[in-house]
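Me: Please take a close look at a single part, chain B, and describe how the chain is put together. I would like one connected account rather than a list.

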Amino acid sequence: MYVAVKGGERAIDNAHAWLAEERRGDRAVPELTVAQIREQMSLAVNRVMAEGSLYDPDLAALAIKQARGDLIEAIFLIRAYRTTLPRFGGSAPLDTGAMACDRRVSATFKDAPGGQVLGPTFDYTHRLLDFKLAADGEVSAPAEAEARQEATPHIMSFLDREGLIQPEPEGADTPPDLTRSPLELPAERALRLQALTRGDEGFILGMAYSTQRGYARSHAFVAELRIGTVPVEMEIPELGFSVEIGEITVTECETVNQFRGSRTEPPQFTRGYGLVFGMTERKAISMALVDRALRWKELGEDDVGAPAQDEEFVLYHSDNIQATGFLEHIKLPHYVDFQSELELIRKLRREAAAASSASGEAAE
Amino acid sequence: MNEYNFAYLDEQTKRMIRRAILKALAIPGYQVPFASREMPMPYGWGTGGVQVSAAVLVPEDTLKVIDQGADDTTNAVSIRRFFERTAGVAVTEATAEASVIQTRHRIPEAPLRADQILVYQVPIPEPLRFLEPSEVETRKMHALEDYGLMHVKLYEDISRHGAISTSYAYPVKVEGRYVMDPSPIPKFDNPKLEMAAIQLFGAGREQRIYAIPPHTRVVSLDFEDHPFEASKADHACGLCGATDSYLDELIVDDEGGRMFLCSDTDYCAGRRRAGHAGAEAAPFEEDAA
């Protein structure tokens with residue numbers, strides 16, 4: 001006699017217990033602390049903060065620990081937590097011109113006020129496995145310079161003075177909030193940028209790369225890439241002025257793109273923009289390229305049918321939490337639907353067999 | 001779980017979802033955009049249904065959750081537990097005892113009453129999506145009631161296969177206006193879409209809610225010479241002997257031996273309690289069926 005499979009609850013409990021054990025790994029090896037992850041896996045922490053849309057290194061590190069290092073899973077934990085948080089208000093716009101830069105490079109000028117500052121970059125490392133690190137990761141203190149006191153001007157402002165770069169008028173409107181209202185198309189640029197900054201790094205990178213290889217090529221130069229800390233200010237209604245509530249690290253990328261002019265715009269340089277939480281320069285550069293590709297309509301360019309130009313395609317598929325959830329849901333049971341497909345295929349095959357035997361008889 | 005609000009979502013979010021639900025009920029079959037929240041379960045795993053359930057649940061409710069018609073499938077267990085923890089509502093497996101039923105892929109066999117709400121989990125709310133990938137275009141098509149593409153698709157099915165080759169998520173027209181995706185229920189369930197209960201459809205990832213108010217006319221698309229046909233496996237349930245319920249097919253041995261049994265586990269258990277028995281339920285009485 002067949003007994004229908006029961007025990008879903010017990011199976012789930014056991015799976016969770018096993019998962020916890022796997023996460024811990026060999027108990028002979030000391031357990032990772034959240035502080036260790038925060039300090040020594042900081043780029044993973046940055047990615048989780050950026051795509052989780054929540055600036056909190058401790059929580060991001062905790063999420064990474066809980067997710068066994070699966071960053072998309074960690075981002076998911078952060079997003080699910082974030083959505084439960086109350087909103088006290090919005091900050092004043094960040095002034096990235098006031099950034100205390102750890103890194104600041106321009107590919108378009110050999111030098112500029114503020115200088116080129118490499119900062120802590122992998123760029124010129126030789127990618128050779130450092131076996132010494134396996135035994136001993138202690139490092140000696142690096143050389144230090146005096147911190148720059150004056151603000152570091154944006155490279156773009158120099159082009160702006162000459163009128164060579166397409167102007168970016170300041171918008172007065174409060175930008176829409178992707179997490180509080182449904183995405184509706186066509187999306188304005190502020191909304192697109194919001195989606196891009198929290199979009200999957202791999203997806204945005206792939207889209208950006210496709211523009212470099214000719215799918216809506218935009219001839220981008222990195223006018224400036226800067227990473228550093230900026231103060232976050234918030235206006236407190238009771239006080240009537242803004243107060244600094246904290247400091248965050250962000251990566252900002254501005255690209256300058258060749259543009260020969262269109263029916264509506266004179267020949268000039270145009271911009272792409274990327275701004276991402278933390279030290280996340282691959283993402284910020286990718287974001288700037290995709291942003292530029294998505295601006296074809298406002299700049300009067302042709303739609304060449306490239307994926308990176310299609311805002312519906314890019315915005316609907318950039319979110320890795322949506323994507324991974326829907327992708328992985330196909331492992332849930334679908335046997336009711338599969339059963340109805342089975343019935344249909346059997347019926348169609350019966351009819352096809354009957355039709356061919358009937359025509360066979362007719363031929364005889 | 002005191003750190004979260006009743007049924008997890010905060011009251012502002014619930015209000016936003018309830019507004020979407022009311023609008024959906026006012027325009028049957030129309031997909032209302034809503035600001036779907038990240039839930040603590042993955043998109044594609046019922047987040048739309050969970051948000052709708054969270055917005056309609058009150059402490060006095062009794063909740064039933066089914067997936068593939070069954071209460072004991074893992075994701076149904078997981079969602080039921082979620083509401084037990086966050087809302088503390090009573091739960092049941094009995095269709096008749098539930099005031100809110102969240103479902104994935106099935107409509108219960110027992111007729112639902114006016115005091116019940118059926119909440120569907122919806123993966124892709126747009127019935128025209130696989131004919132036209134752009135949301136901008138499909139919204140336009142709905143606005144203009146331009147459903148020619150769908151009829152052409154169904155016609156092409158018939159000319160190619162001799163029958164409409166859609167067996168689940170079979171499109172319907174609601175109250176003579178909107179073409180709607182009934183979620184991936186087998187087309188066997190389509191006739192049940194006209195019912196006394198309120199039916200709410202939640203698509204979390206796609207940020208859409210739609211509804212069928214009680215006793216609304218729901219017509220499965222077809223042609224006069226190829227009328228809609230609700231089909232199921234041509235067998236009786238091996239456990240309870242029912243011939244009127246949707247059946248799952250199981251492979252029971254290495255020779256590929258098959259067995260059919262009710263997909264609605266509560267319906268099947270109820271029949272067995274009432275003394276009905278199918279062929280496999282009593283293997284020693286071979287004539288039992």
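Reply: A residue is called buried if 20 or more other C-beta atoms, placed from the backbone, lie within 10 Å of its own, exposed if 12 or fewer do, and partly exposed in between. By that criterion, buried residues make up 49% of the 289 residues in chain B. The model is predicted, with local features requiring pLDDT of at least 70 and side-chain atom pairs pLDDT 80 or more, while totals for chains, interfaces and linings use all residues. Residues are numbered from 1 along each chain as its sequence is written, and chains are lettered from A and ligands numbered from 1 in the order in which they are written.

Chain B contains six helices and twelve strands, taken as DSSP runs numbered from the N terminus (H or I over at least four residues for helices, E over at least two for strands). Its radius of gyration, taken over C-alpha atoms, is 20 Å, close to the 19 Å of the globule rule (2.2 Å times the number of residues to the power 0.38), so chain B is as compact as a globular protein of that length. Along the principal axes, the C-alpha trace of chain B spans about 60 × 55 × 35 Å. Of the contacts in chain B with a separation of 6 or more, 62% join residues 24 or more positions apart, a contact being two C-beta atoms, placed from the backbone, within 7 Å.

Within chain B, seven strands form an open sheet of mixed pairing, in the order β1-β9-β8-β5-β4-β2-β3, where two strands pair if DSSP finds at least two bridges between them. The edges of this sheet are β1 (32-33) and β3 (90-91) of chain B, and each has a single partner strand, so one side of each is left without a neighbour in the sheet. Elsewhere in the sheet, β2 (residues 62-67) and β4 (residues 100-104) of chain B run parallel and are joined by five bridges; B:K64, for instance, has B:I101 in β4(B) as its bridge partner.

Two helices can be placed against these strands. Helix α1 (residues 11-26) of chain B packs on the sheet, where it touches β1, β8 (198-203) and β9 (208-212) of chain B, and its direction makes about 45 degrees with that of β9(B). Such angles run from 0 to 180 degrees between N-to-C directions of lines fitted to C-alpha atoms, for helices over the stretch in contact. Helix α2 (residues 47-56) of chain B, in turn, lies across β4, β5 (117-121), β8 and β9 of chain B, and runs at about 155 degrees to β5(B).
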